[in-house]
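Work through the exercises below with the sequence and the coordinates open. Each task is followed by a solution in steps.

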Amino acid sequence: MRQLLRRLAVAALLAPAAAGAMTMIASPAEAAPAKASEQALQTEVNRLVDIERGKGGCSSLKVNDQLTTAARAHSAWMAQTKKFSHIGSGGSSFVTRAKATGYRQPSAENIAWGYRSAAAVVDGWMHSPGHRANILNCKSKAVGVGVVYAADGTPYYTQDFGY
């Protein structure tokens, strides 16, 4: 349980004050296109999350390029800095990171690190009340998942949701 809690952060909620904050996001170099192994994990996380949403009576999420860009940039920042937090580069929140890509209505974010498969990370999220609530929020209609490997091979995951 302690390891699970260490790997999962409490899900952030949309905060009105964060919507207008000016912050920096990861540079485009840090959010480089996904390697084949990262892309495969991202795709599989999306597939497994849609299965869980279906079990919960929610519709499938539409993969959104802007949310994916925000998620990959945050995962890259965490992988590079070894900081595991919803607060990112320059004090950014998931709201400011998503809005910086042009996405207007972000709804939530899940993060994780160290899981070696998509099934393991989704299972971890589904066993965490806050992350599960984000996944099963039927009001969310879009998603972006970013998986980036740190230099030591540790995967960092960010899942950004939008209305």
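Helices and strands here are DSSP runs, helices of at least four residues in state H or I and strands of at least two in state E, numbered from the N terminus. The model is a predicted one.

**Exercise 1. Overall layout**

Task: State how many helices and strands the protein has, and give the order of its elements.

Solution:
- The protein holds seven helices and five strands.
- Read from the N terminus, the order is α-β-α-α-β-α-α-β-α-α-β-β.
- Of the 163 residues, 49% count as buried.
- Taking contacts between residues at least 6 apart in sequence, 76% of them join residues at least 24 apart.

**Exercise 2. Packing of two helices**

Task: Describe how helix α3 and helix α6 pack, giving distance, angle, handedness and the residues involved.

Solution:
- Two packed helices are described by the angle and the distance between their axes.
- Helix α3 covers residues 36–55 and helix α6 covers residues 118–126; their axes come within 9 Å and cross at roughly 40 degrees.
- Angles under 35 degrees would count as roughly parallel, and 65 to 115 as roughly perpendicular. The pair α3 and α6 is therefore oblique.
- The crossing of α3 and α6 is right-handed.
- On the α3 side the contact residues are Leu 41, Glu 44, Val 45, Leu 48, Val 49 and Glu 52. On the α6 side they are Ala 118, Ala 119, Val 121, Val 122, Trp 125 and Met 126.
- Sorted by class, this contact between α3 and α6 has ten nonpolar residues, no polar ones and two charged ones.

**Exercise 3. The disulfide**

Task: Find which cysteines form a disulfide, and work out its handedness and the parts of the chain it ties together.

Solution:
- The cut-off for a disulfide is a pair of cysteine sulfur atoms within 2.5 Å. By this rule the count is one disulfide.
- The bond joins Cys 58 to Cys 138, with an S to S distance of 1.9 Å.
- The torsion about the S-S bond of Cys 58 and Cys 138 is about -80 degrees, so the disulfide is left-handed.
- Cys 58 sits in the loop between α3 and β2 (62–63), and Cys 138 in the loop between α7 (129–135) and β4 (142–149), so the pair ties together parts that are 80 residues apart in sequence.
- Cys 58 has a relative accessible area of 8% and is therefore buried. Cys 138, with a relative accessible area of 32%, is partly exposed.

**Exercise 4. Two residues of helix α4**

Task: For His 74 and Ser 75, decide whether each is buried or exposed, and list the residues each touches beyond four places in sequence.

Solution:
- His 74 is found in helix α4, residues 65–81. Ser 75 lies in helix α4.
- The cut-off for buried is a relative accessible area under 20%. His 74 has 1%, so His 74 is buried. Ser 75 has 0%, so Ser 75 is buried.
- His 74 touches Ser 85, His 86, Ile 87, Gly 88, Arg 97, Glu 109, Ile 111 and Thr 158, leaving out residues up to four places away.
- With that exclusion, Ser 75 touches Gly 146, Val 147, Val 148, Tyr 156, Tyr 157 and Thr 158.
- Ser 75 and Gly 146 are 71 residues apart along the chain, and their C-alpha atoms are separated by 6.1 Å.

**Exercise 5. A backbone check**

Task: What is the sign of phi at Lys 82, and where is that residue placed?

Solution:
- Most residues other than glycine have a negative phi.
- Phi of Lys 82 is near 60 degrees, a positive value in a residue other than glycine.
- Lys 82 belongs to the loop between α4 and α5 (94–100).
- At 43% relative accessibility, Lys 82 counts as partly exposed.

**Exercise 6. Pairs distant in sequence**

Task: Give the C-alpha separations of Arg 116 from Gly 153 and of Ser 37 from Tyr 149, with the setting of Arg 116 and Ser 37.

Solution:
- Arg 116 lies in the loop between β3 (106–113) and α6. Its relative accessible area is 58%, so Arg 116 is exposed.
- Arg 116 and Gly 153 are 37 residues apart along the chain, with C-alpha atoms separated by 9.8 Å.
- Neighbours within four places in sequence aside, Arg 116 is in contact with Gly 153, Thr 154, Pro 155 and Tyr 157.
- Ser 37 is found in helix α3, and a relative accessible area of 39% makes Ser 37 partly exposed.
- Ser 37 and Tyr 149 are 112 residues apart along the chain, with C-alpha atoms separated by 9.4 Å.

How values were computed:
Residues numbered from 1 in each chain as written. Predicted model: local features only at pLDDT ≥ 70, side-chain atom pairs only at ≥ 80, totals over all residues. Heavy atoms only, no water. Axes fitted to C-alpha atoms, helices over the stretch in contact; angles between N-to-C directions. Parallel < 35°, antiparallel > 145°, perpendicular 65-115°, else oblique. Left-handed = near helix turned anticlockwise from the far one by under 90°. Contact = heavy atoms within 4.5 Å. Nonpolar A, V, L, I, M, F, W, Y, C, P; charged D, E, K, R; others polar. Buried < 20%, exposed > 50% of the residue type's maximum accessible area, 1.4 Å probe, protein only.
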